[in-house]
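Me: I should like to understand how the descriptive terms for this structure are justified. Please set each value against its definition.

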Amino acid sequence: MRTRHFLIASLMFFGCLWSLGAQNAPSIYEAKIDSLMNLMTLEEKIGQTVMYGGGWAKTGPFVNTDFEKYIREGNVGAMLNVYTAKATRDLQKIAVENTRLGIPLLFGYDVIHGHRTIFPINLALSGSWDPELVELTSRIAAEEASAEGLHWTFAPMLDIARDPRWGRISEGAGEDVYLTNVLAKSYVKGFQGYDLSKNNTILACAKHFVGYGAAQAGRDYHTVSMGEDELRNVYLPPFKAAVDAGVETFMTAFNELNGVPATGNKFIFRDILRNEWDFKGFVVSDYTAINELIPHGFAKDSIDAARLAMLAGIDMDMMGHVYRKNLKKLIEDGAISEDLVNEPCRKILSAKFKLGLFDDPYRYSDEKRQQEIIYKPEFLKTARDAAAASSVLLKNDGNALPLEKSATVALIGPLAKDEYHINGNWGGAGDRKGKSVSIYEGLQEYLKEHGILYAKGCDLEKDDESGFQEAIDAAKKADVVLLVMGESYHMSGEAASRTDIRIPGIQPKLIKKIREAVPNKKIVMLLMNGRPLDLSEEIEQVDAVLEAWYPGTMGGSGVADVLFGVYNPSAKLTVTFPRNVGQIPIYYNMKNTGRPIPESNPKQDYKSNYIDSPNTPLFVFGHGLSYTSFKYSDLTLSSAHIGFNDTLTATVSITNTGNYDGHEVVQLYIHDKVGSITRPVKELKGFQKIFLKKGETKIVRFKLSAEDLKFYNNKMEFVAEAGEFEIAIAPSSDFKFKHLFTLE
Ligand code: NOJ
C-alpha cells in the first residue's frame with residue numbers, strides 16, 4: 001500500500017493542494033473570460049457549445065465527416081474520438097491559427113478503464129474494494145491520455161445498476177450506493193489530480209445523469225420511472241459524491257426519467273445539480289441525445305429540442321448539430337435569451353482556462369511525452385496487480401485452486417488464447433493485438449514446457465462442435481482442466497442488452513461433455529464476461545470458478561498469479577448473480593415487503609416468493625472466496641444507544657485461520673428497522689480491506705454517526721430518524737443480524 005501511495009504521489013505534482021471541490025470556487029479567470037466574450041460574436045459563442053467527433057472510434061450511431069470545416073469556421077468547441085499528440089495538435093492548429101479568435105479546442109475521449117494500458121473493466125475493478133487502486137488506475141489513465149492530447153475523459157460512469165441484462169452494468173461499480181460513492185471520489189481524484197493546470201491531469205465527467213441503470217427490462221436507452229425517494233436515496237448519491245470531489249463536467253443520460261428525457265430535464269440539471277448541489281462545471285449531452293428528444297416525444301422538432309435542452313441547462317451538444325443549427329434563430333426569435341448561451345460558453349471557456357489551454361494550446365499534444373509515457377513498465381505492473389485484485393473466486397470445492405506448477409493443465413475454451421476480448425468493451429486506445437497478455441501466455445510463466453495442453457474446443461457463439469473431441473482428449477490426458485469461457489466483449493457495454501444471460505453458444509454443452517469424459521478430474525472454470533451470468537447449470541459441473549471479468553492488457557498475467565496462488569484472491573462481488581433471468585432485478589439491499597417469506601418455510605402460501613425458484617441468488621453481493629479462511633468474532637459496540645451528535649464504534653476481531661496470507665474485505669451493514677419511508681433490509685455503511693498473515697488476528701474498527709444513517713424521508717428531507725438499527729460486520733451480505741443499537 002505504501003508503495004502505491006508513493007506511485008500516486010509521484011504521478012502527481014508535489015507541493016500542490018488537492019483541489020477538492022475546486023470547481024465550486026469562483027473562477028480566477030472571470031475577467032479574462034469577460035474580455036474574451038466581449039470579442040465573441042453570437043456564432044462564436046454558440047460554437048463553444050458544439051462537439052464533433054473525429055471518427056477514430058465509433059461510439060454512437062452517426063459519425064461526422066465535416067468537422068475540419070466547422071472548426072475552421074469557429075463553430076466547434078470540443079472534439080471527441082481523436083487522440084495522439086500529432087492528431088490533436090493538427091486539429092488544434094486549425095482552431096488556434098485559422099480562426100478569428102484562436103480559441104483552443106477541448107479533446108475528449110472515453111478513457112473508461114485505461115487509455116493505452118487497459119485495466120479490468122470497472123465492474124471488476126470495483127470488486128477489488130480498493131479505492132486507492134481505483135485512484136491509481138485512473139491516474140495512470142490520465143497520464144497516458146493527457147500525453148496523447150486528451151483533456152477530458154467521459155468517466156466515471158456512476159450509474160447504479162441492478163439488472164444484468166443491461167450491457168452497461170459492466171461500466172459501473174455495481175449495485176451498491178455506498179461503494180459507488182466511495183469509488184466516485186477515487187475516480188475523480190485520479191483523473192483530475194491535484195491541479196488541473198498541470199498537463200497530466202484531465203477533466204472527469206460524471207455520467208449518465210440520471211437513472212440510466214434503471215432502464216426498464218434492462219433494455220438499453222429504455223424508459224425509467226421511479227419515485228423521488230428512490231431517485232434521491234439510490235441513483236443520485238454517487239453523482240453528489242462526484243460533485244463533492246470536484247468533478248468538472250457531467251453528461252446527460254439517454255433515458256427519460258418519469259416522463260421527461262434526462263437531456264431535457266430541468267428538474268435534475270437546474271434544480272438539483274446546479275441549485276441544490278451548486279455545481280459550477282459544464283454539462284455535455286450524451287451522443288445525439290438532444291436530437292433524441294424528438295423520438296422520445298418531448299420535442300416536436302430540432303429547434304424545439306435545442307430550446308428544451310438549453311432551458312434544462314445542457315451546455316454542450318455532443319454530435320447532434322442541434323445547437324449549431326438552431327440556437328441563433330432561437331435567440332433572434334426571442335424564444336430564449338442570449339444569456340442562456342452566454343452561460344455555457346463561459347463555463348466551457350473556464351474549463352479551457354483551467355487546463356491552461358490559453359497559455360499553451362498544445363501543452364497536451366507532446367509527441368516526446370507520448371513516447372515516454374504510454375505502456376510504462378510500472379503502469380503494466382499496476383494493470384497486472386489490478387487484474388489479480390479484481391478476480392473473484394466464486395467457488396473452490398476441494399481446493400481445486402490454486403494450481404500446482406508441476407501440473408499438466410488442459411487449457412480449453414474460446415477465450416484461452418484471446419488477446420482481443422480481454423480488454424473489454426471500453427478498450428480505450430489499448431492495443432488488443434500484440435500488447436494484451438492472453439491467459440495462455442500468462443500460464444506459460446508458471447507451467448513447465450509441456451504443462452499446457454491447449455484445445456480451443458469451440459467458438460464463443462457459433463455452434464460448430466468439431467473441436468469438442470480434441471478438447472476432450474486434452475482433458476483426459478491432463479491432471480486438471482482449465483476452461484476459459486464467457487461472453488464476447490461486444491455482448492456488454494452500450495446497446496448490448498441480453499435477455500438470456502447464460503454463457504453463450506455451445507460452451508455449456510462442451511462443459512457437460514468434458515465433465516462426462518473426466519468425471520473425477522478437477523475442472524476449473526475461468527470466466528471472462530461483462531455482467532453477472534446465470535451459471536446455475538455450469539456451477540454444478542465444475543469444481544472451481546474464477547470470475548476474471550475482462551481483466552485488461554495484463555489480464556493473462558494477473559489472472560495466472562491468482563490461479564497459481566502468488567496472489568491470494570481477495571475480490572468480492574459488487575453485484576448479485578441471479579439463479580435465473582426471472583429473478584431480475586435482484587440485489588442485496590431490497591425492501592422486505594409486507595409478506596416476507598418465513599425462514600422456516602420459504603414455500604409458505606401468500607408470501608413474497610416464487611413457485612419455481614428460491615428468492616435467494618446464486619451468489620450474493622459481497623461474496624468472494626480466498627485460499628485461506630477468516631474467522632469473525634466478538635463484535636462489540638461502544639454503546640447500545642447513541643445520540644444525534646455521538647459516534648458509535650463497532651469492533652470485530654478477525655483471524656486468518658487458513659494456510660495462506662491474504663486480504664479480506666470486511667463489510668459493515670446496518671438495517672434501519674422502521675422509517676417514515678421503508679428502509680432496505682441491509683445497507684452497506686463501511687468496508688475495510690485488511691491483510692492478515694496466516695494465524696494473525698486483527699481488530700477492525702468502524703465508526704458510525706447519525707450522518708451515516710441519513711436518508712431522504714417522505715418529505716424529501718435528508719435526515720436520520722430515531723429508532724432501532726441492526727448492525728453486523730460480515731464477510732459478505734449473506735448473514736443474519738444479531739446486534740442492535742438505538743439512535744435517540
Ligand atoms: C455514448 C455513451 O453513452 C457515453 O457513455 C459515451 O461517453 C459517449 N457515447 C461518447 O463516446
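Reply: The answers below take up two loop residues, a helix pair and a sheet. This is a predicted model, in which local features need pLDDT of at least 70 and side-chain atom pairs count only at pLDDT 80 or more, while totals for chains, interfaces and linings use all residues. Residues are numbered from 1 along each chain as its sequence is written, and side-chain values use heavy atoms, with hydrogens and water left out.

Me: Why is histidine 113 called buried?

Reply: Buried means under 20% relative accessible area (exposed is over 50%, partly exposed in between; 1.4 Å probe, protein chains only). Histidine 113 has a relative accessible area of 4%, and is therefore buried. The residue is found in the loop between strand 3 (106-109) and helix 6 (122-126); helices (H or I, at least four residues) and strands (E, at least two) are DSSP runs, numbered from the N terminus.

Me: What makes the approach of the side chain of histidine 113 to the backbone oxygen of phenylalanine 119 a polar contact?

Reply: A polar contact is a pair of N or O atoms within 3.5 Å; within protein, one must be able to donate a hydrogen and the other to accept it, and residues adjacent in sequence count only if both atoms are side-chain atoms. The side chain of histidine 113 reaches the backbone oxygen of phenylalanine 119 at 2.8 Å and that of tryptophan 426 at 3.0 Å.

Me: How do you know that isoleucine 112 is buried or exposed?

Reply: Its relative accessible area is 3%, so isoleucine 112 is buried. Isoleucine 112 lies in the loop between strand 3 and helix 6. Among the residues that isoleucine 112 touches are Phe154, Lys207 and Trp426, contact meaning heavy atoms within 4.5 Å.

Me: Why is helix 9 called oblique to helix 10?

Reply: The axes of helix 9 (residues 228-235) and helix 10 (residues 237-244) come within 5 Å and cross at roughly 50°. Angles under 35 degrees count as roughly parallel, over 145 as roughly antiparallel, 65 to 115 as roughly perpendicular and the rest as oblique. Helix 9 is therefore oblique to helix 10. Axes are lines fitted to C-alpha atoms, for helices over the stretch in contact, and angles run from 0 to 180 degrees between N-to-C directions.

Me: What makes strand 17 and strand 19 a pair?

Reply: Two strands pair if DSSP finds at least two bridges between them. Six bridges join strand 17 to strand 19 (residues 647-656), and these strands run antiparallel.

Terms used: Lists of a residue's contacts leave out its neighbours within four places in sequence.
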